[in-house]
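Visitor: Could you take me through one part of this model up close, and then follow the chain out from there? I'd like the loops and the strand pairings in one connected story.

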Amino acid sequence: MPTEVITMNDMLANAYEPLRVYRWIFGIDGLDAFTAKTFARPSRTFEEIVIDWINTKHWFSGKHVWNDITLVLYNPIAPSASVKVMEWCRLNYEEQTGRAGYAENYKKNVTLKMLDPVGAVAEKWEIGGAWPREVNFGELDYASSEAATVSMTLRYDSAQPVAAAAGSPISLT
């Protein structure tokens with residue numbers, strides 16, 4: 001029986017174009033997209049339900065939770081990312097008055113768009129009910145030449161991939 005040999009051209013996916021981790025843009029009302037350094041895509045975890053029966057365990061899927069997203073921004077002199085982040089935080093809690101904010105004011109919708117080689121949207125995420133759970137204005141270091149950054153940990157209620165733009169080879173449906 002002869003052995004089938006697959007040619008190199010048959011093994012290569014010539015129409016394959018991967019998304020690149022450096023081609024993306026985010027949108028959050030009040031923050032400038034050009035200040036973005038890193039952004040973690042949404043991820044989720046499912047709780048486990050265990051049913052013990054005699055000497056075995058049966059596992060079932062429970063509720064899911066969307067995991068935190070970490071966003072790191074460069075902090076330009078103007079417009080200052082740290083000032084804009086603090087403005088968002090003040091919607092949740094105002095330090096000087098001690099007043100807490102309403103969720104309808106401090107929760108924001110976020111969009112994350114991954115782009116194809118020509119700049120068209122290849123993948124889009126709509127992230128709902130996001131708010132800064134943790135903010136870190138970064139460390140300073142006389143020995144470093146790095147740009148100053150502000151990092152945020154965002155908690156959010158939902159994340160939904162939306163179909164790619166018309167004409168894009170990628171579909172999320």
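Guide: Let's start at Proline 79, which lies in the loop between β5 (69–74) and α2 (81–92). This is a predicted model, so take the geometry here as computed from it. The peptide bond running from alanine 78 into proline 79 is cis, and its omega is near -5°. That's worth a look, because most peptide bonds are trans.

Just before that spot, there's a long reach to notice. Isoleucine 77 and tryptophan 66 are 11 residues apart along the chain, and their C-alpha atoms are separated by 33 Å. Tryptophan 66 itself belongs to strand β4. With a relative accessible area of 9%, tryptophan 66 is buried, since the cut-off for that is under 20%.

Now follow β4 back to its neighbour. Strand β3 (residues 44–53) pairs with strand β4 (residues 56–66) in the antiparallel sense, over 9 bridges. To pick out one position, valine 50 has tryptophan 59 in β4 as its bridge partner. The two strands make a hairpin with 2 residues between them, and isoleucine 54 is found in that loop between β3 and β4. Here's the other backbone oddity: phi of isoleucine 54 is near 50°, a positive value in a residue other than glycine. It stands out because most residues other than glycine have a negative phi. As for its surroundings, isoleucine 54 has 74% relative accessibility, so it counts as exposed.

Jump to the other side of the proline loop, into α2, and find tryptophan 88. The charged end of lysine 108 sits over the ring of tryptophan 88, 5.0 Å from its centre. Lysine 108 also has a place in the strand pairing, where it stands opposite alanine 130 in β7. Strand β6 (residues 108–115) pairs with β7 in the antiparallel sense over 7 bridges. This is a hairpin too, with 5 residues between β6 and β7, and glycine 119 in the turn has a positive phi of about 95°.

β7 has further partners. It runs antiparallel to strand β9 (residues 158–162), with 5 bridges joining the two, and isoleucine 127 has alanine 159 in β9 as its bridge partner. Strand β8 (residues 149–155) is also antiparallel to β7 and is joined to β7 by 5 bridges. On that side, proline 132 is partnered with leucine 154 in β8.

Stay on β7 for the rings. The model has 4 aromatic pairs. One of them is tyrosine 106 with tryptophan 131, an edge-to-face pair at 6.2 Å centre to centre and 75° between the planes. Tyrosine 106 lies in helix α3 (residues 103–106) and tryptophan 131 in strand β7 (residues 121–136), so this contact ties together parts that are 25 residues apart in sequence. Tyrosine 106 counts as buried, at 14% relative accessibility. Elsewhere, Trp24, Phe26 and Phe39 form one aromatic cluster.

One last stop, out on the surface. Ile6, Met8, Met11 and Leu12 make a nonpolar surface patch of about 430 Å². Methionine 11 is found in helix α1 (residues 8–11), and its relative accessible area of 53% makes it exposed, because the cut-off is over 50%.

How values were computed
Residues numbered from 1 in each chain as written. Predicted model: local features only at pLDDT ≥ 70, side-chain atom pairs only at ≥ 80, totals over all residues. Heavy atoms only, no water. Patch = residues over 30% accessible without salt bridge, like charges linked within 9 Å, V, L, I, M, F, W, Y side chains within 5 Å. Areas by Shrake-Rupley, 256 points an atom, 1.4 Å probe, with all protein chains shown as cover. Salt bridge = Lys/Arg side-chain N within 4 Å of Asp/Glu carboxyl O. Helix = DSSP H or I, 4+ residues; strand = E, 2+ residues; numbered from the N terminus. Buried < 20%, exposed > 50% of the residue type's maximum accessible area, 1.4 Å probe, protein only. Phe/Tyr/Trp six-rings, centres within 6.5 Å; stacked < 30°, edge-to-face > 60°. Lys NZ or Arg CZ within 6 Å of the ring centre and 35° of its normal. Pairing = 2+ DSSP bridges.
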